[in-house]
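Subject: A structure to look at

Hi,

Here is the structure I promised to pass on to you. Have it open on your screen while you read, and follow along at your own pace.

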Amino acid sequence: MLAGCQHVTADTPGAFYAWDDRKVHCAIDLDTYARNDLASVETGLDRALDRGEVVELYAHDPGNTVSWDELEAVLAAVQARGLRYYTYADIARGAQPGPGVSLSFDDAFIDHWLTGVDLYAKYGAKLTFFIAYFDQLSPDQVAALHELANRGHAIEAHSVMHSRAPLYVEQNGLAAYLDREVVPSIDVLRAEGFDVTTFAYPFGARTAETDAAILQHVSLIRSVAFTWSGITTDPCPD
Ligand SMILES: [Zn+2]
């Protein structure tokens, strides 16, 4: 048993990509508050290895929402199984299928993300960073995104102001959501030279309508396999 753990990664089917034609991906949270502990994550790594799937993991702020030690333990567990890292750009561009891990970080914790570059390199980890609040970044932080990209990590879009998509659409309409929250967050990264392939929903909150609209602008979408607020809400499509 996984004492004290709410979730068993291997039993969260939405967090596994089986190299089908799925466009809306879902990741499972590594942040400490999600109580998805190492034993749970290891069940997911084992499943990925057994089935040739990609287990999709995400977190936010290394050193805060997940400790560096916990993160390194996950990277070591990935290495011990010989799993490959796939960025969302790799998947979008048709990478060679195989058992692997997709590990992403969300929002704008760029200074802390950059702190980890030697750790990622030690384990051969290629990560995806989903950027929100780009217009609030300092020039040094924008330079740090280029540094991450130059090291083989993917820089992708995570909205302008981190709005919850279904609520925003309800209040302002779908066109406004696209025009204010989605498209500018993609365009600003492309203008910086990042080859954006994927949009991650804030909070994983989505609808089939927003999926279809966003997929006019990117190849893939990332949602979450359960929300930070509890396993009772699962935004991942079937
Ligand atoms: Zn976010």
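Let's begin with strand β3, residues 54-59, which is mostly covered: six of its six residues are buried. Before going further, please keep in mind that this is a predicted model. If you look along β3, you will find Val54, Glu56 and Tyr58 pointing one way, while Val55, Leu57 and Ala59 point the other way, and all are buried.

Which strands pair with β3? One of them is β1 (residues 16-17), which runs antiparallel to β3 and is joined to it by two bridges. Here Phe16 has Val55 of β3 as its bridge partner. Another is β2 (residues 24-29), which pairs with β3 in the parallel sense, also over two bridges. In that pairing, Ile28 is matched with Leu57 of β3.

Next, have a look at helix α1, which covers residues 38-51. Here is a small check you can repeat yourself. At 1.5 Å a residue, the 14 residues of α1 should span 20 Å, and the end C-alpha atoms are 20 Å apart, which agrees. If you wonder about the arithmetic, the expected span is 1.5 Å times one less than the number of residues.

Which residues of α1 are buried? They are Ser40, Val41, Gly44, Leu45, Arg47 and Ala48. Around the axis they cover an arc of only 160°, which puts them on the same side of α1. The elements covering these buried residues include β1, β3, α2 (68-80) and β5. Just after α1 comes Gly52, with a positive phi of about 70°.

Now move along to strand β6 (128-131). Both of its faces are covered: Thr128 and Phe130 on one side, and Phe129 and Ile131 on the other, are all buried. β6 runs parallel to β5, and four bridges join the two. In this pairing, Ser104 stands opposite Thr128 of β6. β6 also pairs with β7, again in the parallel sense and over four bridges. There, Thr128 has Ala154 of β7 as its bridge partner.

Helix α6 (residues 139-150) lets you do the span check once more. Its 12 residues, at 1.5 Å each, should span 16 Å, and its end C-alpha atoms are 17 Å apart, which agrees. The buried residues in α6 are Gln141, Val142, Ala144, Leu145 and Leu148. Seen down the axis, they fall within an arc of 150°, so they line one face of the helix.

What covers that buried face of α6? Among the elements doing so are α4 (110-115), α5 (117-122), β6 and β7. Turn the helix around, and the face away from its buried side carries the exposed residues Pro139, Asp140 and Asn150. After α6 you will meet Gly152, whose phi is positive, near 100°.

I saved the metal site for the end. Which residues hold the zinc ion? Its protein donors are Asp107 (through OD), His158 (NE2) and His162 (NE2), and they lie 2.0 to 2.1 Å from the ion. Along the sequence, these donor residues follow the spacing D-x50-H-x3-H. Asp107 sits in strand β5 (residues 100-107), whereas His162 is in the loop between β7 (154-157) and α7 (165-172), so the pair ties together parts that are 55 residues apart in sequence.

Are these two donors buried or exposed? Asp107 is buried, with a relative accessible area of 11%. His162 is buried as well, at 13%. For both of them, the cut-off to compare with is 20%, since buried means a relative accessible area under that value.

His162 is worth a longer look. Its side chain makes a polar contact of 3.0 Å with the side chain of Asp107. Another polar contact, of 3.2 Å, links the side chains of His162 and His158. Leaving aside residues up to four places away in sequence, His162 touches Asp107, Ala132, Tyr133, Glu181, Pro202 and Phe203.

A nice way to finish is to select the zinc ion together with Asp107, His158 and His162, and then to trace the chain from Asp107 in β5 to the loop that holds His162.

Enjoy exploring!

Best wishes

Notes: Residues are numbered from 1 along each chain as its sequence is written. This is a predicted model: local features need pLDDT of at least 70, side-chain atom pairs count only at pLDDT 80 or more; totals for chains, interfaces and linings use all residues. Side-chain values use heavy atoms; hydrogens and water are left out. Donors are N, O and S atoms within 2.8 Å of the metal (3.2 Å for Na, K and Ca); water is not among the atoms, so sites may look incomplete. Buried means under 20% relative accessible area, exposed over 50%, partly exposed in between (1.4 Å probe, protein chains only). The arc is that of the directions from the helix axis to the C-beta atoms. Contact means heavy atoms within 4.5 Å. A polar contact is a pair of N or O atoms within 3.5 Å; within protein, one must be able to donate a hydrogen and the other to accept it, and residues adjacent in sequence count only if both atoms are side-chain atoms. Two strands pair if DSSP finds at least two bridges between them.
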